[in-house]
Amino acid sequence: MSTSRTAETAVRTFRPALRSRLAALLATAATAAALLVAGTATSAHAADPPLRDLATAKGKVIGTAVTGSKLTGTYGDLAGAQFNSLTPGNAMKWESVEPSRGTYNWTEADQIVAFAQAHNQQVRGHTLVWHSQNPGWLTNGTWTPAQLSTILQDHITTEVTRYKGKLAAWDVVNEPFNEDGTYRSTLWSNNLGTDYIAQALTWARAADPAAKLYINDYNVEGVNAKSTALYNLVKSLKERGIPVDGVGLQAHLILGQYPATLQQNIQRFADLGVDVAITELDIRMQLPATEAKLTQQAADYKSVMNACVAVTRCVGVTVWGFTDSDSWIPDVFDGYGAATPYTESFTPKPAYYAIAQALGGTPSTEGCTATYSVPNQWNSGFTGQVTIACSAGRSLSSWRVTWTYGAGQQVAQAWNATCTQSGAAVTCVNASYNGTVPSGGSVSFGFNGTWSGSNPVPTVTLG
């Protein structure tokens, strides 16, 4: 899996786009048009079970990164209703909490924690030790290794202690590796050696023994040199008795480039005895968005979710912003965007429904229909047919149709579906080979039945 980056220091910056809003508005309009073609509607979304309820039923976390100042209105409503975990996008990074040495600003971080507590959500702390988004006084200072070690310990202890008992997990060390699996040259590794990682974990554990401690990185989703270096590090730390509870796989993916070895990779970390979290999932596409791209994006989101659901120690998935209006992608990757499950106007995309389905939700049937017909009828019998069709941009991976007869009809024999009847109520579900209804396509099944007196066409429900 390739995630090419154009601005290394801006890669983890989580902020609304600062560029001209014209491009964003055009992208939103294109996405909205594609969604109209796809048949996605807000009214249908409102009736769906919240993602957090589906995730909780699976024993998983479904989270989102958030901007504290936006936690009002529709943004706040969706963040509170749909997710059971929040990650501060920027608010807990070093430059945010200690812009001047010894002067702290906890305002946004406290706001996010309070919001999460009010909405019965976990909080994931992000991040304590990183090569980027550090305050100028730190990066421009001249420090001896002993001084730098003391500064790092003080920072970790101060921040983790402030939120002791309030956070479920911390991304303690962020992005320590190069693409080839060597250690990244940073303020920390250059002055303290690579064992700064073990020291940071140890200090974090001392400050909050209950919080889960993670190492987090990007381009480590599949099995490759970088993820293997992370694997070997975690194995070594475990053998030494260093407190490491999990690994975070960021998963900033490109449309159509889902890493085929993701589940295998999650499992090998789990086999080391640590948890795994997908921590920063988004799937960017070249703009404008089209119904075909949104359909592919939904498939990619579902594949990531399925990989996590399949491994017990994969604790869950956090999307790096749930709406395109709060995504970092357009600022860093020219011409790319539409990476999250919601448009800028908070309309759910097919990706939203794919996430829900992977968590055990019923596939959305919006944009799909079921039509009942009687192509043949004789004295006391008839042949019935039901056709399930989906409009462009919508699809089903399974289907179920129901109807209630009003004149005593009975289903005798069905093909291309399994049908059962209880009294007047009939339920038919797909066979093993025809559950998929493709975008713009259809499938049909048939049955023979009996009637007496009249044979009115019933109303069919797809769901």
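This report walks through strands, disulfides and helix packing in a predicted model.

## The parallel strands around β4

A good place to start is strand β4, which spans residues 169-174. This strand is mostly covered, with 6 of its 6 residues buried. Strand β3 (residues 122-129) runs parallel to β4, and 4 bridges join the two. If you would like to find the register in the viewer, look for H126, whose bridge partner in β4 is D171.

β4 also pairs with strand β5 (residues 212-217), again in the parallel sense, over 5 bridges. Here D171 serves as a handy landmark once more, since its bridge partner in β5 is Y214. Following H126 to D171 and then D171 to Y214 takes you from β3 through β4 to β5.

## An open antiparallel sheet

Strands of a sheet pair through backbone hydrogen bonds, and they may do so in a parallel or an antiparallel way. Further along the chain, an open sheet of 4 strands shows antiparallel pairing, in the order β15-β16-β13-β18. Its edge strands are β15 (417-422) and β18 (461-462), each of which pairs on one side only.

The partner of β15 is worth a look of its own. Strand β16 covers residues 425-430 and runs antiparallel to β15, with 6 bridges between them. Within this pairing, T420 stands opposite T427 of β16.

## Three disulfides

How many disulfides does the structure hold? There are 3. Counting the bonded cysteines along the chain, they follow the pattern 1-2, 3-4, 5-6.

C308 and C314 form one of these links, with an S to S distance of 2.1 Å. The torsion about this S-S bond is -105°, making the C308 and C314 link left-handed. C308 has a relative accessibility of 1% and C314 one of 0%; both values are under the 20% limit, so both cysteines count as buried.

Another disulfide connects C368 with C390, whose sulfur atoms are 2.1 Å apart. This link is right-handed, with 105° about the S-S bond. C368 belongs to strand β11 (residues 368-377) and C390 to strand β12 (residues 381-390), so the disulfide ties together parts that lie 22 residues apart in sequence. Both C368 and C390 are buried.

The remaining pair to visit is C419 and C428, also with an S to S distance of 2.1 Å. The torsion about their S-S bond is about 115°, and therefore this disulfide is right-handed. C428 has a relative accessibility of 0% and so counts as buried.

## Helix α12 and the loop after it

Which residues of α12 are buried? They are L262, N265, I266, R268, F269 and A270. Helices and strands both take part in covering these residues: among the elements involved are α11 (225-240), β6 (246-249), β8, α13 and β9 (314-319).

Moving on from this helix, L272 sits in the loop between α12 (262-270) and β8 (275-286). Is L272 buried or exposed? Its relative accessible area is 18%, and because the limit for buried is under 20%, L272 counts as buried. Leaving aside neighbours within four places in sequence, L272 is in contact with Y231, V234, K235 and K238. For Y231, the separation from L272 is 41 residues in sequence, while the C-alpha to C-alpha distance is 8.5 Å.

## How α13 meets α15

Two packed helices are described by the angle between their axes and by the distance between those axes. For helix α13 (residues 291-309) and helix α15 (residues 350-358), the axes come within 8 Å and cross at roughly 25°. Angles under 35 degrees count as roughly parallel, which means that α13 is roughly parallel to α15. The crossing of α13 past α15 is right-handed.

Which residues make this contact? On the α13 side they are L294, Q297, A298, Y301, K302, M305, N306 and V309. From α15, the contributors are P350, A351, A354, I355, Q357 and A358. α13 also brings us back to the previous section, as it is among the elements that cover the buried residues of α12.

Definitions and conventions. Residues numbered from 1 in each chain as written. Predicted model: local features only at pLDDT ≥ 70, side-chain atom pairs only at ≥ 80, totals over all residues. Heavy atoms only, no water. Pairing = 2+ DSSP bridges. Disulfide = S-S within 2.5 Å. Buried < 20%, exposed > 50% of the residue type's maximum accessible area, 1.4 Å probe, protein only. Contact = heavy atoms within 4.5 Å. Axes fitted to C-alpha atoms, helices over the stretch in contact; angles between N-to-C directions. Parallel < 35°, antiparallel > 145°, perpendicular 65-115°, else oblique. Left-handed = near helix turned anticlockwise from the far one by under 90°.
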